[in-house]
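These are my notebook entries on what I looked up in the structure, set down in the order in which I went through it.

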Amino acid sequence: MKDTPISPDQMSESTEASHPAGSFRPSRPPVPLAVWLAGGWVVAMVLVALLADILAPYGITALDLRNRLAPPGTPGHWLGTDELGRDVLSRLIVSIRVSLLIAFGAAVLSAVLGTTLGFLAAHFRGVVEQIVLMLADFQAALPFLILALAVLAFFGNSLVLFVCLMGLLGWERYARIARGLALSSSGQGYAAAVRQLGASPARVYFRHILPNTASTLIVSMTIVFPEIILMESGLSFLGLGVQPPQTSLGSMVGYGREYLTTAPWIMLAPAITIILTTLAVSLLGDWLRDRLDPTLR
Amino acid sequence: MLRFLSLRLGRAALTIVLVVTFAFVVLRLSGDPAMLIMGAEASPEAIAAFRASWGLDEPIWVQYFAYFGALAQGDLGMSMRDGRPALDMVLDRVPATLALTVPALLIKIGLGIPAGIYAALHRDSAIDRAVMVLAIAGFTVPSFVLSLLLVLLFAVKLGWLPSGGNQTLLHAVLPVLTLGIGGAAILARFTRSAMLEVLNQPYVRTASAKGVPWRRVVVGHVLPNAMIPTVTIIGFMVGNLIAGAVVVESVFSWPGIGRMLVTAVANRDLAVVQTILLLVAATMVAANLIVDLLYGVLDPRLRQAPAARGGH
């Protein structure tokens, strides 16, 4: 739709594949090295997030006043320390956990919300469909950052609210995709067949149509996920997202900005982590899209 | 065509009403601005007087309709902090923001589209690969990181450019570059995809097979068709001229709309926030309308049955 910033990933390079349905496929191409690296990075990040308590050598608020602004490579503080002598590596590890937790929670929320609304629109049509589409138009008309800024500062800030807010990012894309897919699936034999057998609408949608549209929705998730990471870190960078003493990748960059001239490592470590993570998820998403869903190409 | 136009205009108006409603509901229901502005120690009488003078003691729906009524007369309320009309305050900042976003838009179009076209026409060449790598970087490097990296390089290490403020023309260079580079990368990737899509169409094969010179195939057949999706993205960028620099303005202490919004949100200056929200939404809706009209110019097929494309 013209109202939505279509992700570049949804545009296609149709020269590369588009096997006609049922055509013979001799062998799958090997998984490219970049995808292996991206996958490895994502797995590493998830492990870091899960094991943050074990991995972090210090507490995120533990001060080491004799080693303030220690450069990277200092024994005991391999990524250096900040102005209060807090260990950058420990803060980075905990920030990865917080940022991934928010992004993952929000990505799931957005997918569930959007898919449900899309299915509702497809099922009821009429007024419900118009309302969903109108809300989607509204979401697309207002830049998400502006909307988030207004909601956040005016409702105060808690982690739960923040995750819910981030969960609004991209819902309208799932809703449009889910609605379109559900409409076309409803016309196919299998949906009509289970309906004739007496299945409830919920059963038709969630047990039959959802599995048949899952690959497209999963691919959309890999497109929305990096956007959520970037939005979260941007808001936290502005001081309006994750609040101290809690730390996230974005708020670390925001804090490090004050020490750009004297201690750039405070800002570089989380910045590089953000870049590599969004890059890795995008690469994985591109590859998954080629594999799972040629229609999105 | 007239039906299509009125349909689009109606939807645009509806979107604006929704934005205003959203802003009003969120901002009014979220907390008590009187307590915040006056402070916790203010006497109950002072708070009551403050509420009465701002209309905050009326029922919420009265406030809502009063707001719409005032809006219709171009009155967007007074800033609770400065006591000045919010619209004046916001409009004062528009030129500063446009001074960043318009040159940045020119950079995006001037770099992004040629790079995308070149990359698509020379697919898998070294330049194509370089464009793609840069385009992916443009998407994955957030603007606050890019701006800090540029400051680190050009202001701290090389000392060529100032790192913040708006005193001279030189102060605008880094923020404009930050905005322009990121957008150019995105536009290049889009243009390349759109070009490749069109290059693969049967009519392009037909044209070159019947002996039309390649240059004329590209100029006459490929470019016009590839421009349609690209125009959509440019329209989105135009719509973002007002709101697109929130982060960058904050990093570079640039006195534009974005920084004003961050401050107003932190101060709960309701009128200013609503005015900015409305201005941003209006810009976005207007840009979308223009894009819709441009489709008709770019694609003669759509002039025949414009309404068919407008639906979902």
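Entry 1, chain A. I began with the secondary structure of chain A in this predicted model, and I counted 11 helices and zero strands. Reading along the sequence, I noted the pattern α-α-α-α-α-α-α-α-α-α-α for chain A. I then looked up burial and found that 52% of the 297 residues of chain A count as buried. The accessible surface of chain A comes to about 13,200 Å², and 69% of that belongs to carbon and sulfur atoms. For the contacts in chain A between residues at least 6 apart in sequence, I recorded that 71% join residues at least 24 apart.

Entry 2, salt bridges within chain A. Over all chains I have a count of eight salt bridges, and I went through some of them one by one. A:R179 pairs with A:E129, with the closest N and O atoms 2.6 Å apart. I placed A:R179 in helix α7 (residues 171-186) and A:E129 in helix α4 (residues 126-141) of chain A, so this salt bridge ties together parts that are 50 residues apart in sequence. I checked the accessibility of both partners, and A:R179 and A:E129 are each buried. I also noted that A:R125 joins A:E129 and A:R179 in a network of salt bridges.

Helix α7 of chain A came up again with A:R173, whose side chain meets that of A:E227 in a salt bridge at 2.9 Å, N to O. Because A:R173 lies in helix α7 and A:E227 in helix α9 (residues 201-237) of chain A, the pair ties together parts that are 54 residues apart in sequence. Here too I looked up burial, and I found A:R173 and A:E227 both buried.

Entry 3, the interface. I turned next to where chain B and chain A meet, and I found 60 residues from chain B and 54 residues from chain A taking part in the contact. Between them the two chains bury about 5,200 Å², of which 75% is on carbon and sulfur atoms. Which charged pair bridges the two chains? The count between chain B and chain A is one salt bridge, and I identified it as A:D286 with B:R189, the closest N and O atoms being 3.5 Å apart. I also have three residue pairs in polar contact across this interface, with both residues at pLDDT 80 or more. On the side of chain B that touches chain A, helix α13 (residues 270-298) of chain B gives the most, with 10 residues. Sorted by class, that side of chain B has 38 nonpolar, 12 polar and 10 charged residues.

Entry 4, two loop residues of chain B. I went through backbone angles with one expectation in mind, namely that most residues other than glycine have a negative phi. B:D124 has a positive phi, near 70 degrees, and I located B:D124 in the loop between α5 (86-121) and α6 (126-140) of chain B. The side chain of B:D124 also meets that of B:R129 in a salt bridge at 3.7 Å, N to O. I looked up B:R129 as well, and B:R129 is exposed, with a relative accessible area of 52%.

Where in chain B does B:S253 lie? I found B:S253 in the loop between α11 (246-251) and α12 (257-267) of chain B, and its phi is likewise positive, near 45 degrees. With a relative accessible area of 35%, B:S253 is partly exposed.

Note on methods
Residues are numbered from 1 along each chain as its sequence is written. Chains are lettered from A and ligands numbered from 1 in the order in which they are written. Side-chain values use heavy atoms; hydrogens and water are left out. Contact means heavy atoms within 4.5 Å. Buried area is the accessible area (1.4 Å probe) that two parts lose on being put together, summed over both. A salt bridge is a side-chain nitrogen of Lys or Arg within 4 Å of a carboxyl oxygen of Asp or Glu. A polar contact is a pair of N or O atoms within 3.5 Å; within protein, one must be able to donate a hydrogen and the other to accept it, and residues adjacent in sequence count only if both atoms are side-chain atoms. Ala, Val, Leu, Ile, Met, Phe, Trp, Tyr, Cys and Pro count as nonpolar, Asp, Glu, Lys and Arg as charged, and the others, Gly among them, as polar. Buried means under 20% relative accessible area, exposed over 50%, partly exposed in between (1.4 Å probe, protein chains only). Accessible areas come from the Shrake-Rupley method with a 1.4 Å probe; for residues, only the protein chains shown count as cover.
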